[in-house]
Amino acid sequence: MDFKIDFAKILDRLKAQRPNRPQKLGVFGGVFTPDVLTILGVIMYLRLGWVVGNAGLLGAVVIILLSKTITTCTALSMSSITTNIKIGAGGAYSIIAKSLGLEAGGSIGIPFYISQMLSVALYIVGFTEGWLRIFPTHNPILISTLTWLVLLGIISVSTHFAIKTQYLILGIIGLSLLSFFLTPTPTQNSVPLIGNFEDGNFWYVFSVFFPAATGIMAGANLSGDLKNPRKAIPLGTLSAIGVTMLIYLALAYTAAHHIPAEELRTNQMVMVDHARWGFLVLMGILAATFSSALGSLLGAPRILQALAEHKTVPFYKFFAKKSQTNEPLNAFIFTAILVELALLMGELNALASLITMFFLITYGMINLVVFIQQKMRIISFRPTFKVPSFVPFIGAVGSVFVMFLINPVFSAVAISAIVVLYGWLGKRGLRAEWGDIRGGMFLMLAERAAQIAQRFPRDQVSWKPDLLLPIDDPRVWSGPLLFIKNVVNPAGSIFAFTVTPHDVKATGEELKKLFEPFERQQALVHTTAIQDDDFLHGALLVIQTLKAYSIRPNTLFLTLGNHKEKDAVIETLSRYAREHELGLLILRQHPRIAFGLQQNINLWLRDQSPNWHLAILISLQLQLNWGGKLNLITATEDPAKKQQLLHFLEKLSDRARLPSMTEFYVLEGKFKEALAQAPTADINIFGLADHLPFDFMRQAPELVNASCLFVRDSGLENAMV
């Protein structure tokens, strides 16, 4: 048999069976064209002449350059970060989310999506107004709805068809600009370089013009449809900014040299009236608004679909669905419905400032992300497109400045909305498949703060309870966690450690699990497990190591149990605390009553004792968290000293600024006899000498019928400050 294999037919069949993959967009079609068409909008046609008429030629140039400086800094920052990370769909949302987490990305991305969606409606309204100048008898709602349907029809065919449509629009705008540059109006004898700003001061004129410089995100919003976002976004965005800046400068020059300032100020159709072919400029106005609407309608559903993919919006499963051609089908339908509803509501001009605010916040966040990563100097931030750190700094500061310059009220509303969204998303427990810089960012801030703190002495006025807590075995430890929390709350911290022999598996996870309730309540807790065959030696290493850090514990917390064989360990740890300037707390808990109702506190003091500062500070912490009453108590065997000791307690209370409800008790008799006379309390606090009286410490809870805390100063506390 004669077998012949026709490889050409086999290849043709394989190609026929291969699924049609959506064609990706390049630099010109995917970034440059959408950016240019969004930047060259109605403000260029209807407000640039007004800017020149008020500011003069030089003033207009300054306004244009200042506006472009902010957007150029943002574009440079965006270009830098897109050459460092693999940017996904959603453009600015993807950049922020991959840097600062899904919460930050979502809190910016949701308002950014709403802004893009409402921008479509605003541009359609602008198109309708231009149309009505040609056909004033037409119904505006009908024209807006028909324009909406045409936009939907173009995008429904495909994204690439929409991009090809934008090429035609770009050609129309180009012809309209050429028509104005070829104006038959003769040049003026004198050109005002600085205008009189009759309609508003410099910053007012600047705020009116600035939205003309926005629109640089139009291409980045299509990042999921780009062949090579790392190349396309920097090249396309920066070239679009450069080209449009030259166009704006040329228009300002032409307007100033050919048209009187008064006419520039009062005639918003001045470009139509002075063009060689006025109908081309009218066509350009219609094309500019139509193209801006088309660009925003292309980008908005993709932002929503990217948000849905990461579960940052309600009904995320519905919005995340794509068509066979990789189009965000459901997100597109939902966005289109919202646009039509916005059109029917009318009066969208009131939202224009809020929309601009969200754009500026997005610009500011992108600049901030780059600036932070530059200052962190992390090895993972190594973009192939590098920019100096002053570029994102100027972009971030400039964005915030312009926001409040344009409208302080809307700026505050926009920032408040983002804060609320961040809080809402933070509660949803979002998880991304990538890492972000948040942990490293705050660690960097902590390190910088620690470096600064080392330059200053640790002052007693800033004391707070930072407990060092040794735990022998986390698997069986049942210490008073609630009491410890009441000691450190609200500003203190806990550093818990355990020592594991070398032949035993480390118990770090058990220790971490033990303190999970603290972390869920956002308490500052550090845990570690070290391996050492001698518990005391390991504890000493921990104490010595932590002493070298700026953020370190200041008080050792121990518990006293029934087993006397551990007294030697407690005695040694007490000595370590004294040698390394740590305060000492030893808790002997009542076996039945524990801490009772957690209200009243008895603080026992002795006249002329130097050891009462830490005891007062801990008493105040407990009184603050328990909301109960503090009793100052002392005892004497000499009745003649009773008044003197009462005066001592009152004076001490006044100097230490103790609560006004504090009560004073001077009890007569020997100390153990006085214990039985003490008022009822939920805890009794006593001072400690260098030598620990273990027998008394174990007896005290039964004598006072409450848990007891024994306290020794480190010498670094001061309750008088």
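In which sense do strand 2 and strand 3 pair, and over how many bridges? I opened the predicted model with that in mind. Strand 2 (residues 493-500) runs parallel to strand 3, and eight bridges join the two. I picked out one bridge by residue: Phe497 has Thr528 in strand 3 as its partner.

Next I looked up the whole sheet. It is open and built of 10 strands, in the order 3-2-1-4-5-10-9-6-7-8, with mixed pairing. I checked the edges and found strand 3 (524-531) and strand 8 (663-668) there; each has a single partner strand, so one side of each has no neighbour in the sheet. I noted an average twist of 25° from one strand to the next.

Then I turned to the helices on the sheet. Helix 19 (residues 481-488) packs on it and touches strands 1, 2, 4, 5, 9 and 10. The direction of helix 19 makes about 155° with that of strand 1 (466-470). I also followed helix 23 (residues 567-579), which lies across strands 1, 4, 5 and 10 and runs at about 170° to strand 4.

Last, I went through the nonpolar cores. The largest one has 116 residues, and Ile173, Phe209 and Tyr248 have the most contacts inside it. Helix 5 (residues 92-134) is its biggest contributor, giving 17 residues. Apart from this core I found another of 46 residues, including Leu617, Phe648, Leu652 and Leu658.

I could not leave without a closer look at Phe209. Leaving out residues up to four places away in sequence, Phe209 touches Ile43, Leu48, Val51, Ile63, Ile64, Ser67 and Tyr248.

Notes
Residues are numbered from 1 along each chain as its sequence is written. This is a predicted model: local features need pLDDT of at least 70, side-chain atom pairs count only at pLDDT 80 or more; totals for chains, interfaces and linings use all residues. Side-chain values use heavy atoms; hydrogens and water are left out. A nonpolar core is a set of buried Ala, Val, Leu, Ile, Met, Phe, Trp, Tyr and Cys residues joined through side-chain atoms within 4.5 Å. Buried means under 20% relative accessible area, exposed over 50%, partly exposed in between (1.4 Å probe, protein chains only). Helices (H or I, at least four residues) and strands (E, at least two) are DSSP runs, numbered from the N terminus. Contact means heavy atoms within 4.5 Å. Two strands pair if DSSP finds at least two bridges between them. Axes are lines fitted to C-alpha atoms, for helices over the stretch in contact, and angles run from 0 to 180 degrees between N-to-C directions.
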